[in-house]
Amino acid sequence: MNDPVENAKRLAAFKAVDNHVVDGVIGIGSGSTVVYAVERLAQRVKDEGLEVICVPSSFQAKQLIIQYGLKLGDLETNPELKVTIDGADESDSMLTLIKGGGGCLTQEKILASCAEEFIVIADYRKASTNLGEQWSKGIPIEVIPGAYRVVYQKIEKLLGGKSDLRMSGSSKAGPVVTDNGNFILDWNFEGVKDWKHVENSLNMIPGVVENGLFVGMARKAYFGMSDGTVMERNV
Ligand SMILES: O=C[C@H](O)[C@H](O)[C@H](O)COP(=O)(O)O
C-alpha cells in the first residue's frame, strides 16, 4: 500500500485484531480505520476458524460486517462484548478521545461501555498530548433536532466556545442526520482542563443525546506510524 496514512491505519487495525480478538462477541466501531479491522477479522475467521459475532455501531459498520460475510449480532441478543475495536478523531496522552467525526458517536459509546476491553485504532495523525492539537473541528454532540438551537445557547452559556450545526454538503440540502435521526453540533471549545466534567456537563443539557468525548473508557490504543511501525499507548 503506497498511501502512508492508509498503511498506518491498516497496521494498527491488524495488530489490534491479532492481539485482542478471541472467539466471542465483538463490538465493531465506525469509520475508515475500522474497515481494516473487519478485513482482518474476516481473514482470521477464514484462516483460523475464529468464531465471532459482530455487533455494529452504525449503518456503515453493519454493511461492513455483511459485506465481509461475518456473523451479525445486536445488543439485545448479545449485550456483553469481549472487546470493542474503534477508531478515533484524536486521542490525548491519557486516551481521552474525540469521536464522532463521521457522526457515529452515540452507538459507538454504547458499544465501548458494554465491552470488557475498548481498543482504539488510529493513524499517527490522531495521537496528541492534549485534545485540540490535532483535531480542529470541535467536539461532536448529537442533539434532538428540535432542540439544536437551545442546546447551542446553553453550551455557550455554560462552557463558552462556539458550536456549528453540521451541514450535509452538496449531496443533500440541510443538516447531517445521524443513524439515530438526530443532528450534530460541533462545539469548538476554549481552555478546557477537566474533560470528564465537560463530558458530563454536556450530557446534562436537555436535548443532548450524547457527546463525542470518551473519557476513561479506552485503556489501550494502537497508532500506525508513517515509518511502518505501530505505537502502543496504555493507561
Ligand atoms: O463518527 C465516526 C467515528 O467516531 C470514527 O471512529 C472516527 O471519526 C474515526 O474515523 P476514521 O477511522 O475514519 O478516522
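In this predicted model, 16 residues surround the ligand. The closest are Ser 30, Ser 32, Thr 33, Asp 89 and Lys 126. By class, this shell holds 2 nonpolar, 9 polar and 5 charged residues. The ligand occupies the largest pocket.

Polar atoms of the protein approach oxygen atoms of the ligand at several points. Asp 89 places a polar side-chain atom 2.7 Å from a ligand oxygen. For Glu 108, an N or O atom of the side chain lies 2.8 Å from an oxygen atom of the ligand. Gly 103 takes part through its backbone: one of its polar backbone atoms is 3.0 Å from a ligand oxygen. On its own, the ligand has 370 Å² of accessible area, and the protein covers 91% of this.

Ser 32 belongs to the group of residues closest to the ligand. This serine is found in a loop. Strand S1 (24-28) comes on one side of that loop, and helix H2 (34-48) on the other. Its relative accessible area is 40%. Ser 32 is therefore partly exposed, as the value falls between the cut-offs of 20% and 50%. The side chain of Ser 32 also makes a polar contact with the side chain of Lys 9, at 2.9 Å. Arg 166 is 134 residues from Ser 32 in sequence. In space, the C-alpha atoms of Ser 32 and Arg 166 are 19 Å apart.

Two charged residues away from the loops were also examined. Lys 109 lies in helix H4, which spans residues 105-114. Its relative accessible area is 7%, so Lys 109 counts as buried, the cut-off being under 20%. A polar atom of the Lys 109 side chain has a partner in the backbone: the oxygen of Leu 213 lies 2.7 Å away. Asp 123 lies in strand S7, which covers residues 115-123. Asp 123 is buried because its relative accessible area is 0%, under the 20% cut-off. Its side chain makes a polar contact with the side chain of Arg 125, at 2.7 Å.

Leu 95 sits in the loop between strand S5 (90-91) and strand S6 (97-98). The backbone here has a positive phi, near 65 degrees, in a residue other than glycine. Leu 95 has 0% relative accessibility and so counts as buried.

Gly 191 is also a loop residue, placed between strand S10 (183-188) and helix H6 (195-203). Its relative accessibility is 71%. That value is over 50%, so Gly 191 counts as exposed. Gly 160 is 31 residues from Gly 191 along the chain. The C-alpha atoms of these two glycines are separated by 9.1 Å.

Helix H6 contains Asn 200. The relative accessibility of Asn 200 is 41%, so this residue counts as partly exposed. Asn 200 and Glu 210 are 10 residues apart in sequence. Their C-alpha atoms are 9.6 Å apart in space.

Conventions: Residues numbered from 1 in each chain as written. Predicted model: local features only at pLDDT ≥ 70, side-chain atom pairs only at ≥ 80, totals over all residues. Heavy atoms only, no water. Helix = DSSP H or I, 4+ residues; strand = E, 2+ residues; numbered from the N terminus. Buried < 20%, exposed > 50% of the residue type's maximum accessible area, 1.4 Å probe, protein only. Near = heavy atom within 4 Å. Polar contact = N/O pair within 3.5 Å; in protein donor to acceptor, adjacent residues only side chain to side chain. Areas by Shrake-Rupley, 256 points an atom, 1.4 Å probe, with all protein chains shown as cover. 1 Å grid on protein atoms, 1.4 Å probe; cavity = no way out; pocket = protein on both sides within 12 Å on 5 of 7 lines; lining within 4 Å. Sits in = over half its atoms within 2 Å of the grid points. Nonpolar A, V, L, I, M, F, W, Y, C, P; charged D, E, K, R; others polar.
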